[in-house]
Amino acid sequence: MAMFKGFSNAFRIPELRKKILITLGLVAVCRLVSQIPTPGVDWQTLQRTIEDIRTSSGGGGLFDWFEVFTGGALGQCAIGFLSIWPYISAQIVIQLLSSVIPSLEKMKKEGESGRQQLAQITRYLTIVLCVVQSWGIATALMHPNMLSPAFGNVQLVANPGLGFQLMTVIGMTSAALFVMWLADQITTFGIGNGASLIIMINITSRLPQAIFSAWERYFGMNGVAATRSPVELVLLLLFGFAVVMGTVMLTQGVRRVAIHSTRRSMGGGNTYGMTQTYMPLRVNYTGVMPIIFAQPLLQIPAAILTKFIPSDAGGALGWLRSFGVQLSEMGPVHMLIYAAFILFFAFFWVATQFNAVDISENLKRDSSYIPGIRPGRQTAEYLDALMTRITLIGGTGLLCVALVPEILMGGMQVPWAIASFFGGTSLLIIVGVALDTLRIMESHLLVRKYDGFLRHGSLRGRGGM
């Protein structure tokens with residue numbers, strides 16, 4: 001009841017109500033952009049062919065991965081197919097480069113002016129990524145058998161050529177930059193992080209399709225008999241509830257490190273006060289990044305090996321093709337390599353983004369220290385070792401959540417449309433963004449003396465995507 005009361009109170013605050021309505025309106029515009037077909041493309045034929053490929057492969061491949069994050073724009077071949085992802089990719093690239101390029105790292109530490117410069121560089125990189133990706137999409141549409149042999153001789157473009165490629169580049173780049181601008185407007189005038197909200201809405205837009213698939217599977221629909229017992233659905237929902245609870249715990253879990261701060265008077269340098277605070281180290285420090293890195297690195301090589309190596313090849317080529325088939329199927333090899341990638345990128349992301357030396361120097365400069373640990377090098381070593389243990393725990397939890405859809409699809413033959421909501425990237429993003437948004441709304445409520453969304457305690461967000 002406290003949750004519903006919190007939502008009703010949110011609309012009683014004029015400022016918060018305005019922010020919510022702005023967010024809903026801008027998100028609706030983003031969804032509209034993802035439904036406008038690209039001119040010159042036979043999107044109905046594309047949609048039928050993709051559905052045939054999805055049915056034959058069992059789901060979970062590259063096409064489904066694109067469908068998840070574009071909110072159905074792939075099937076429509078919409079001009080908004082790129083959505084917010086070039087902008088997100090540019091942010092990730094700049095974030096990684098700032099750890100190894102001194103000039104970018106210097107900008108990062110220069111305060112607001114440095115952040116504005118980095119934001120401008122990110123936007124320029126977004127344009128480059130949009131042009132490259134949209135040109136690749138236009139080329140693939142003109143030669144669909146490049147994507148999969150299942151397309152055969154299907155012609156998707158009525159008038160292929162340079163004109164179609166330029167038109168597609170201009171249309172998709174403009175749409176992606178427009179969505180980027182909408183995301184910035186949501187962040188400035190709405191509720192929460194605009195880019196994260198757009199991704200979450202794209203993912204949840206597939207929820208009605210998942211519900212229809214589940215109803216057809218367990219109860220039958222349109223003359224199609226049910227193929228599974230409703231008891232399985234009940235067990236699946238209970239299991240899904242447990243996975244969501246675990247994901248919330250993983251997202252909100254922190255390891256608090258005690259920090260003692262000494263303050264000195266202006267005269268004489270004598271200590272006259274001491275405060276104790278905590279440094280929160282998030283258990284899932286990496287967020288959803290390891291899964292986002294791992295999925296393409298697993299699926300793209302599998303697609304290349306199975307496409308370009310003939311099925312009757314022998315020797316080393318035959319072994320490579322067999323390896324590609326095992327990568328693409330939900331088997332032990334696929335899961336083992338997928339798990340290894342997730343753990344590797346969890347530690348890689350922490351190694352590039354968590355700088356224990358900088359943190360120890362900042363603590364020393366502020367006359368702060370960790371009890372029992374000497375300031376300086378020992379503090380950096382302690383934080384580095386502590387973060388390694390935390391990352392192992394967080395990476396293992398992330399791995400368990402990521403493998404849930406794979407297990408459901410491989411072990412219970414649950415369709416991808418349903419299984420994807422029980423774990424993996426979809427669930428992590430939905431839970432994380434929902435917690436962030438509710439936390440922001442709760443802060444507005446508490447400031448104006450309204451009850452929050454929980455009777456006891458308060459919500460914590462992810463602290464970033």
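Colleague: Happy to look at this one with you! What percentage of the 465 residues of the protein chain count as buried?
Modeller: Glad to have you here; please keep in mind that this is a predicted model. A residue is called buried when its relative accessible area is under 20%. Of the 465 residues in the protein chain, the share that meets this is 46%.

Colleague: How many helices and strands does the protein chain have?
Modeller: Both kinds of element are present in the protein chain, and the count is 19 helices and three strands.

Colleague: Among contacts in the protein chain with a separation of 6 or more, what share comes from residues 24 or more positions apart?
Modeller: Contact here means heavy atoms within 4.5 Å. Taking the contacts with a separation of 6 or more, residues 24 or more positions apart account for 71%.

Colleague: Let's turn to helix packing. Are α8 and α9 parallel or oblique to each other, and why?
Modeller: The axes of α8 (residues 112-142) and α9 (residues 162-189) come within 8 Å and cross at roughly 140°. Angles over 145 degrees would count as roughly antiparallel. The crossing therefore makes α8, relative to α9, oblique.

Colleague: Which class of residue has 16 members in the contact of α8 with α9?
Modeller: The crossing of these two helices, α8 and α9, is right-handed. Residues of α8 in the contact include Ile127, Val131, Trp135 and Met142, while those of α9 include Phe164, Leu166, Met172 and Leu177. Besides six polar and two charged residues, the contact of α8 with α9 has 16 that are nonpolar.

Colleague: And how are α2 and α10 arranged, oblique or parallel?
Modeller: The axes of α2 (residues 14-33) and α10 (residues 194-204) come within 10 Å and cross at roughly 60°. Angles of 65 to 115 degrees would count as roughly perpendicular, and those under 35 as roughly parallel. The two helices α2 and α10 are therefore oblique.

Colleague: Is the crossing of α2 and α10 left-handed or right-handed, and how many residues of the contact are charged?
Modeller: The crossing is right-handed. Thr23, Val27, Cys30 and Arg31 of α2 meet Leu197, Ile198, Ile201 and Asn202 of α10. Five of these residues are nonpolar and two polar, and the number that are charged is one.

Colleague: Which side-chain oxygen reaches the backbone nitrogen of Ala195 at the start of α10?
Modeller: Helix α10 is mostly covered, with nine of its 11 residues buried. Ala195 is one of the buried residues, along with Gly194 and Ser196 among others. The oxygen that comes to within 3.1 Å of the backbone nitrogen of Ala195 belongs to Asn193.

Colleague: Which backbone oxygen does the side chain of Thr38 reach?
Modeller: Thr38 sits in the loop between α2 and α3, and counts as buried because its relative accessibility is 4%. Leaving aside residues up to four places away in sequence, Thr38 touches Gln76, Cys77, Ala78, Ile79, Thr168 and Met172. At 2.7 Å, the side chain of Thr38 reaches the backbone oxygen of Cys77.

Colleague: One last backbone topic: is Ser83 buried or exposed?
Modeller: Most residues other than glycine have a negative phi. Ser83, in the loop between α5 and α6, has a positive phi of about 55°. With 7% relative accessibility, Ser83 counts as buried.

Colleague: And what does Ser367 count as?
Modeller: Ser367 lies in the loop between α16 and β3. Its phi is positive too, at about 60°, although Ser367 is not a glycine. Because its relative accessibility is 29%, Ser367 counts as partly exposed.

Terms used:
Residues numbered from 1 in each chain as written. Predicted model: local features only at pLDDT ≥ 70, side-chain atom pairs only at ≥ 80, totals over all residues. Heavy atoms only, no water. Axes fitted to C-alpha atoms, helices over the stretch in contact; angles between N-to-C directions. Helix = DSSP H or I, 4+ residues; strand = E, 2+ residues; numbered from the N terminus. Left-handed = near helix turned anticlockwise from the far one by under 90°. Nonpolar A, V, L, I, M, F, W, Y, C, P; charged D, E, K, R; others polar. Buried < 20%, exposed > 50% of the residue type's maximum accessible area, 1.4 Å probe, protein only. Polar contact = N/O pair within 3.5 Å; in protein donor to acceptor, adjacent residues only side chain to side chain.
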